[in-house]
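Student: Can you walk me through this model? I care mostly about the aromatic rings.
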Amino acid sequence: MASSAPSGYRAVLTHVDSKGGFTKAELLRRAAHRSRLRAATTLSGHSTTSSSSVSSPRLFSGQAEYLMELAIGTPPVPFIALADTGSDLTWTQCQPCKLCFPQDTPIYDTSASSSFSPVACSSATCLPIWSRNCSSTPVCTYRYAYGDGAYSTGILGTETITFGSASTSSAHHGIAFGCGADNGGASYNSTGTVGLGRGTLSLVAQLGVGKFSYCLTDFFNSSLGSPFLFGTLGDSAGDAAQVESTPLLQSPQIPSRYFVSLEGISLGDARLPIPNDTFALRADGSGGMIVDSGTIFTVLEETAFRVVVSHVADVLGQPVVNASSLDAPCFPAPAGERPMPDMVLHFAGGADMRLHRDNYMYFNEEDSSFCLSISGTTPASTSVLGNFQQQNIQMLFDITVGQMSFLPTDCSKL
């Protein structure tokens, strides 16, 4: 029986620094700074649940590494959004602006769109972001506050979201989104955020596609776009025998995040001596590992981090420069070429993610050192699989089944 043709929507991710003309060292510094801010707030334990009567929903960092180009409204206007797999609400700046950050494209205006409709405060759509009494306003209002100080305040509405260029565009109607008239924080050339988390308000859930995938191209070639595919359009087109799969876990404390169970790490053929429960997701929401497109460097719980650093130092035959720090460690470049073995991340279900040297190390030209693109966090904290490790690996998320799959891929050709 012939299989049905893939269906869904295609978008392109561009790196936030793609138009800055930065050197390799500058790209790393800027990304590492954003990564530290995001990790600090992601791992700080803030809740993403609905607000109480005296506080707004407290989310994680507004930092992100990739922009998604969409269009919103009828007629469509450009919507350049920070792609965030760690939050749900999609929002854009709206006229009339009380406080808006500068943007290169026209600010979206509900009065100029024939497809805008406000969401009633009493509707089920409003409930995930608003838990107060609706007597004060008939319209659903929101305030999203991120852990790093970024925020957006406005009303919830529904609109038409368009994917693709004018010649190959596809529109999806009735998407709930935030119309932000008061916004603050770093914008990184965006006009808002597209929420790609696991909640009911995320764009993934609203499209009803049940699955998505992305494939991040070479970090240092920031001019290359990275494909983001919604629906079965994102199913792997590669060798099915090479696809590895592991269950997705969900934390009641952080339900929007994509958690997986990391069971161990190898360097070459040697399984590192990391206790089996190091990365366990605990009942109180601590621990576990999040897969995140918005954090550049992988973050490991301190026990595992120290073991990884020690074994990399042994292979290089060089001491760690910043041994006491939890920042990404660097090592003096050894004399002559020193081949590095693959690093393997062992996930539940027998899924092994093999990382070649360039997916977990980089050469710092400024001080001629090799550095791990991995940092540490305090014991028992949540670990994060960062996007530097995900380069040229197609990452597939099947929310309906509850499974993450991955496959080595030349992402520039997908």
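Tutor: Here come the basics, then the ring contacts. This is a predicted model: local features need pLDDT of at least 70, side-chain atom pairs count only at pLDDT 80 or more, and totals for chains, interfaces and linings use all residues. Numbering starts from 1 along each chain as its sequence is written, and side-chain values use heavy atoms, with hydrogens and water left out.

Student: How many helices and strands?

Tutor: Three helices and 27 strands. Both are DSSP runs, numbered from the N terminus: helices are H or I with at least four residues, strands E with at least two.

Student: And the rings: how many aromatic pairs?

Tutor: The count is 20. Rings of Phe, Tyr and Trp (its six-membered ring) pair if their centres lie within 6.5 Å; planes under 30 degrees apart are stacked, over 60 edge-to-face, the rest tilted. Tyr9 and Phe163 are stacked, because their centres are 4.9 Å apart and their planes at 25 degrees. Tyr9 lies in strand S1 (residues 8–15) and Phe163 in strand S8 (residues 151–163), 154 residues apart.

Student: Is Phe163 buried or exposed?

Tutor: Buried, at 1% relative accessibility. Buried means under 20% relative accessible area (1.4 Å probe, protein chains only). Tyr9 is buried too, at 17%.

Student: Which cluster holds Tyr9?

Tutor: One aromatic cluster with Phe163, Phe212, Tyr214, Phe228, Phe230, Tyr258 and Phe397.

Student: Switching topic: where does the charged end of Lys24 sit?

Tutor: Over the ring of Phe220, 4.7 Å from its centre. The rule wants NZ of Lys or CZ of Arg within 6 Å of the ring centre and within 35 degrees of the ring normal. Arg143 has its charged end over the ring of Tyr151, 4.6 Å from the centre.

Notes. Buried < 20%, exposed > 50% of the residue type's maximum accessible area, 1.4 Å probe, protein only.
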